[in-house]
Amino acid sequence: MKRLFQSYLNTSLIIKITVALVLGVIAGLILQEQATVLAPFGDLLLRLLKFVILPLILFTLIVGINQTGISNLGRMGGKVFLYYLGTSALAILVGVSVASLFNPGTGVSLQGNESVEVPDNPGVTSVLLNIVPDNIVTAFTEMNLLGIIFTAFVFGIAISYLRSTNAYQKQANSLYRVIEGLNEATLTVMKGILQYVPIGIFAIIAEIIGTRGADVLSSLGSFIGVLYIALLVQLGFYMVLLAVTKNRPGAFMREARTPLVTAFVTQSSSGTLPVTLNAAKNLNLNKGLYGFSLPLGATINMDGAAIRIAVSAVFAANVINQPLGLAEILQIVLVGVLASVGTAGVPGAGIIMIATVFSQVGLPMETVALLTAVDVFVGMGATALNVTGDLVGTKLIDQTEKPKNQTA
């Protein structure tokens with residue numbers, strides 16, 4: 001047993017995850033509804049990942065700020081925001097273009113009795129105000145990622161400043177060493193959690209396949225197919241960006257594939273964050289950059305969600321036989337980008353984003369209910385692209401900073 005366990009530990013993580021995916025599909029097809037008995041193992045994975053998110057963000061960002069220097073933060077932050085806004089807008093254009101080419105929803109009719117409970121959209125202003133928590137403890141207990149980032153950012157800058165002064169330099173250096181130790185302890189805990197990831201992925205996939213079956217897939221298959229084509233086009237754009245900037249896409253994907261698969265299965269950018277941060281560490285990226293850009297990206301950068309909005313809008317327009325014009329397409333691009341930020345971190349965010357865009361361009365809300373039937377399959381692909389986009393952006397921005405960091 002000890003030798004078997006050691007063999008498991010020594011096996012590559014991506015091999016273990018791949019085997020877990022295949023076995024999960026097989027188990028789901030065999031067990032069907034009984035696959036729900038495996039649900040606790042999947043829930044445990046999600047709990048473990050959420051368990052380590054808070055210390056990872058807090059300590060990684062504080063340590064990163066102190067290693068990078070305050071003067072570099074503003075420049076890097078500006079690049080991160082520009083990249084996120086630019087790729088989100090491009091993702092919606094890709095989604096509209098691919099969907100307009102294949103026209104999903106043609107021939108599908110509404111029965112007139114579909115309905116869905118759509119949570120209130122908090123709006124962009126509310127999300128921006130939520131960056132500054134009115135209570136630090138509440139920000140941590142409610143897993144307010146933007147609030148946690150802000151807290152780490154403020155205290156990281158304060159510690160960095162005190163380390164450069166004469167009055168409190170000794171105390172600040174001692175405090176920084178403690179946080180540095182806590183960061184290493186968190187990374188050690190993370191290594192242990194990564195060993196459980198394949199087991200959790202097996203359980204989640206088995207439950208999804210067992211409970212959803214193939215009926216839902218076949219009923220809205222054209223919509224799912226077009227969405228995944230658009231996701232692959234956007235992924236291809238990322239690979240071209242890497243190649244043009246003299247990065248090897250294959251080498252990048254070797255590190256990115258673990259968070260990509262984890263995001264695909266868990267459908268949570270935030271829940272996958274510990275694995276994404278670990279991939280950035282393995283890519284030798286600047287800790288100060290990825291400690292800021294990846295948690296922020298998990299909250300507001302949603303290229304996959306943007307594509308989902310676009311394809312859903314074209315689908316709904318085809319269902320009611322009213323193809324979108326140029327004005328509606330431009331409106332979808334604008335509202336879609338704002339909606340992807342305005343619904344950040346809200347449960348059921350995908351449904352909120354779609355409902356927000358539909359209400360703005362006059363598309364029927366009944367189609368939102370129709371799309372919820374395949375929400376899990378749509379969310380899997382969209383989340384995987386979200387996480388990949390975050391990592392690609394961080395990699396590219398890190399490359400532009402490398403000469404400055406080396407001379408700093």
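**Stop 1: Thr266**

Select Thr266, which sits in helix H11, the helix spanning residues 249-266. The model on screen is a predicted one. Thr266 has a relative accessibility of 11%, so it counts as buried, the cut-off for that class being under 20%.

Show the side chain of Thr266 and look for its polar partners. One of its polar atoms lies 2.8 Å from the backbone oxygen of Thr262. The side chain of Thr266 is also joined to the side chain of Thr272 by a polar contact of 3.3 Å. Now display the surroundings, skipping neighbours within four places in sequence: Thr266 is in contact with Leu46, Ile204 and Thr272.

**Stop 2: H11 against H2**

Keep H11 on screen and add helix H2, residues 13-31. Two packed helices are described by the angle between their axes and the distance between the axes. The axes of H2 and H11 come within 10 Å, and they cross at roughly 25°. This angle makes H2 roughly parallel to H11, because angles under 35 degrees fall in that class. The crossing of H2 and H11 is left-handed.

To see the contact itself, select Leu13, Ile14, Ile17 and Leu21 on the H2 side, and Arg257, Thr258, Val261, Thr262 and Val265 on the H11 side. Coloured by class, the contact of H2 with H11 shows six nonpolar, two polar and one charged residues. Thr262 in this set is the residue whose backbone oxygen was paired with the side chain of Thr266 at the previous stop.

**Stop 3: Gln32**

Follow the chain out of H2 to Gln32, in the loop between H2 and helix H3 (39-68). Most residues other than glycine have a negative phi. Gln32 is not a glycine, yet its phi is positive, at about 55°. With a relative accessibility of 49%, Gln32 counts as partly exposed.

**Stop 4: Pro55 and Asn183**

Continue into H3 and select Pro55. Draw a distance from its C-alpha atom to that of Phe140: the two residues are 85 apart along the chain, and the separation of these atoms is 9.9 Å. Apart from neighbours within four places in sequence, Pro55 is in contact with Thr60 and Thr186.

Next select Asn183, in helix H8, which covers residues 169-212. Is Asn183 buried or exposed? At 1% relative accessibility, Asn183 counts as buried. Once neighbours within four places in sequence are set aside, Asn183 is in contact with Phe59, Thr60, Val63 and Lys287. Thr60 therefore appears in the contacts of Asn183 as well as in those of Pro55, where contact means heavy atoms within 4.5 Å.

**Stop 5: H4 against H10**

Hide the rest and show helix H4 (residues 70-102) with helix H10 (residues 221-244). Their axes come within 9 Å and cross at roughly 140°. That makes H4 oblique to H10, because an angle has to be over 145 degrees to count as roughly antiparallel. The crossing of H4 and H10 is right-handed.

On H4, the residues to select are Tyr83, Thr87, Leu90, Ala91, Val94, Gly95, Val98, Ala99 and Phe102. They meet Val226, Ile229, Ala230, Val233, Gln234, Phe237 and Tyr238 on H10. By class, this contact has 13 nonpolar, three polar and no charged residues.

**Stop 6: H12 and the loop after it**

Select helix H12, residues 273-282. How many of its 10 residues are buried? Eight of them are, so H12 is largely enclosed by the rest of the structure. The buried residues in H12 are Leu273, Pro274, Val275, Thr276, Leu277, Asn278, Ala279 and Ala280.

Move on to Asn284, in the loop between H12 and helix H13 (287-300). Asn284 has a positive phi of about 60° although it is not a glycine. Its relative accessible area is 61%, so Asn284 is exposed.

**Last stop: the whole chain**

Zoom out to the full protein chain, which has 18 helices and zero strands. Of its 408 residues, 51% are buried. Among contacts in the chain with a separation of 6 or more, 84% come from residues 24 or more positions apart.

Key: Residues numbered from 1 in each chain as written. Predicted model: local features only at pLDDT ≥ 70, side-chain atom pairs only at ≥ 80, totals over all residues. Heavy atoms only, no water. Helix = DSSP H or I, 4+ residues; strand = E, 2+ residues; numbered from the N terminus. Buried < 20%, exposed > 50% of the residue type's maximum accessible area, 1.4 Å probe, protein only. Polar contact = N/O pair within 3.5 Å; in protein donor to acceptor, adjacent residues only side chain to side chain. Axes fitted to C-alpha atoms, helices over the stretch in contact; angles between N-to-C directions. Parallel < 35°, antiparallel > 145°, perpendicular 65-115°, else oblique. Left-handed = near helix turned anticlockwise from the far one by under 90°. Nonpolar A, V, L, I, M, F, W, Y, C, P; charged D, E, K, R; others polar.
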